[in-house]
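Biologist: I should like to understand the reasoning behind the terms used for this model. Please take me through them one at a time.
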Amino acid sequence: MSKTITFIVQPGGQLRGEARVPGDKSMSHRSIMLGSLAEGVTHVKGFLEAEDALATLQAFRDMGVQIEGPSNGCVTIHGVGKHGLKAPQKELYLGNSGTSMRLLSGLLAGQPFNTVLTGDKSLSGRPMKRVTEPLALMGAAIKATGKGTAPLEITGRAGQLQAIDYTMPMASAQVKSCLLLAGMYAQGETSVTEPAPTRDHTERMLSGFSYPVRRQGNKVSISAEGKLTATEIDVPSDISSAAFFLVGASIAPGSDITLRHVGINPTRTGVISILRLMGASIEVLNEREVGGEPVADLRVVSKPLKGIAIPEELVPLAIDEFPVLFVAAACAEGETRLTGAEELRVKESDRIQVMADGLQTIGIDAKPTPDGMVIQGGGRIGGGTVTSHGDHRIAMAFAIAGLRAHDPITILDCANVNTSFPEFKDLAKNLGLALVCEENSSA
Ligand code: S3P
């Protein structure tokens, strides 16, 4: 029996009030991984209790790590040390989570046991050669399908991995992190160079666990010399979840919201930069540092937006926020043009095609291109039925579009909102979105 969830959003409204969105997904994954490999007991606060991060947590339990919680975002991890993981009894099922699969493939390549990584239909269609190819250069033994997709059968090659000096062909924090984790088990110094800055939570958290990691410009280096020492982690709210309300409050006249304790790591704040270029009013208040990561409260007041050509250097810094940024573009006066974002085609869905299809359904002139989209904004947003194709961020983006629609929008296939933001429906309703959620069980 599986559950289908449909969102129905009534047109119009405004967002007002305060909210704290759940913990950062990228940091939640990494807290489990590094906490498990540390010596000692790590306490995590603000952990994201959503399917993706829980898939990582379960994988480490399956490898013998004792983990208490999560309970109200608190997790206690009894670290087993860098060489303390045990062979799992069965394959590690990682659901929808690309981060879990790509980071784990690096970590598991150098273990003294074999593993098989599997995922759901979406994850099983996503490209894995971007990690298996550089890992093979390090001497890893990983078998994927003929198309280079999961399941991944990993033969552990403990003591046999060799360091590489690798320049990534695409700006990917998952590939970078995968290779750094493999580098912790390789002979020599592993270096990864990125073509553009990507999120650096792995590097920051490794330092937080006192593991030596060297950063020089766009190059990060690591070696097997070092150990992880347990620490305390306070995960800030996920700016990728906050993004839905940053856009919602910007586009809905009369809105005024404050989002508390949001992570504003500069490798993640592209959404704020892009919205500001479009004319949005976003204030960054009470800036502070929590556990090596910058955090702030964000106040957003509605303002008319204008279309822009999105600077390409901002793309990796806002890579998960484009579904809802396309909604902002639909509400902005004039043309918005995105280029250099071909990575969007290999996310949980093809986010260029799926968003263009949905925007066209609700009356927007949105033209997909191989590496982006051209949207004529400022026209009338109607309503209709769109499908998220099982992609959490597409579902939430169209829910936000309802704030400026003239007719109801029905969004099919929304169960996957639970992978990153199970509280979305309740928080959105509290802030003023007229959202109803219908659940049906299907055989
Ligand atoms: C992530 C990196 C990004 C992002 C994903 C999470 C991470 O993926 O889209 O949601 O936690 O490292 P890429 O590295 O593939 O761009």
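Modeller: Asp, Glu, Lys and Arg count as charged, while Ala and Ile are among the residues that count as nonpolar, and Gly is among the polar ones. Please note that this is a predicted model.

Biologist: How many residues of each class does the shell around the ligand have?

Modeller: The shell has 2 nonpolar, 4 polar and 5 charged residues. Its members are Ser 26, Arg 30, Thr 99, Arg 102, Ser 172, Ala 173, Gln 174, Arg 199, Ile 319, Asp 320 and Lys 347.

Biologist: What makes the pair formed by the ligand and the side chain of Ser 26 a polar contact?

Modeller: A polar contact is a pair of N or O atoms within 3.5 Å. An oxygen atom of the ligand is 2.7 Å from an N or O atom in the Ser 26 side chain, so the pair meets the definition. For the side chain of Arg 30, the distance from an N or O atom to a ligand oxygen is 2.7 Å. In Ala 173 the partner is a backbone N or O atom, 2.9 Å from an oxygen atom of the ligand. On its own the ligand has 380 Å² of accessible area, and the protein covers 94% of this.

Biologist: In which pocket does the ligand sit?

Modeller: The ligand sits in the largest pocket. The term "sits" applies because more than half of the atoms of a molecule must lie within 2 Å of the grid points of the pocket.

Biologist: Which helices each supply at least two residues of the shell?

Modeller: They are helix H1 (25–37), helix H3 (98–109) and helix H5 (173–183).

Biologist: Why is the ligand said to lie between domain 1 and domain 2?

Modeller: Domain 1 (2–23 + 236–442) and domain 2 (25–234) both contribute residues to the shell, and therefore the ligand lies between them.

Biologist: Which value of omega goes with the cis peptide bond from Gly 69 to Pro 70?

Modeller: Omega is near 0 degrees for that bond, and Pro 70 belongs to strand E4 (residues 66–71). Another cis peptide bond joins Ala 150 and Pro 151, with omega about 5 degrees. Pro 151 is in the loop between strand E8 (141–143) and strand E9 (152–155).

Biologist: What is noted about phi of Asn 72?

Modeller: Phi of Asn 72 is near 50 degrees, a positive value in a residue other than glycine. Asn 72 is located in the loop between E4 and strand E5 (74–80).

Technical notes: Residues numbered from 1 in each chain as written. Predicted model: local features only at pLDDT ≥ 70, side-chain atom pairs only at ≥ 80, totals over all residues. Heavy atoms only, no water. Near = heavy atom within 4 Å. Polar contact = N/O pair within 3.5 Å; in protein donor to acceptor, adjacent residues only side chain to side chain. Areas by Shrake-Rupley, 256 points an atom, 1.4 Å probe, with all protein chains shown as cover. 1 Å grid on protein atoms, 1.4 Å probe; cavity = no way out; pocket = protein on both sides within 12 Å on 5 of 7 lines; lining within 4 Å. Helix = DSSP H or I, 4+ residues; strand = E, 2+ residues; numbered from the N terminus. Domains from an automatic or database assignment.
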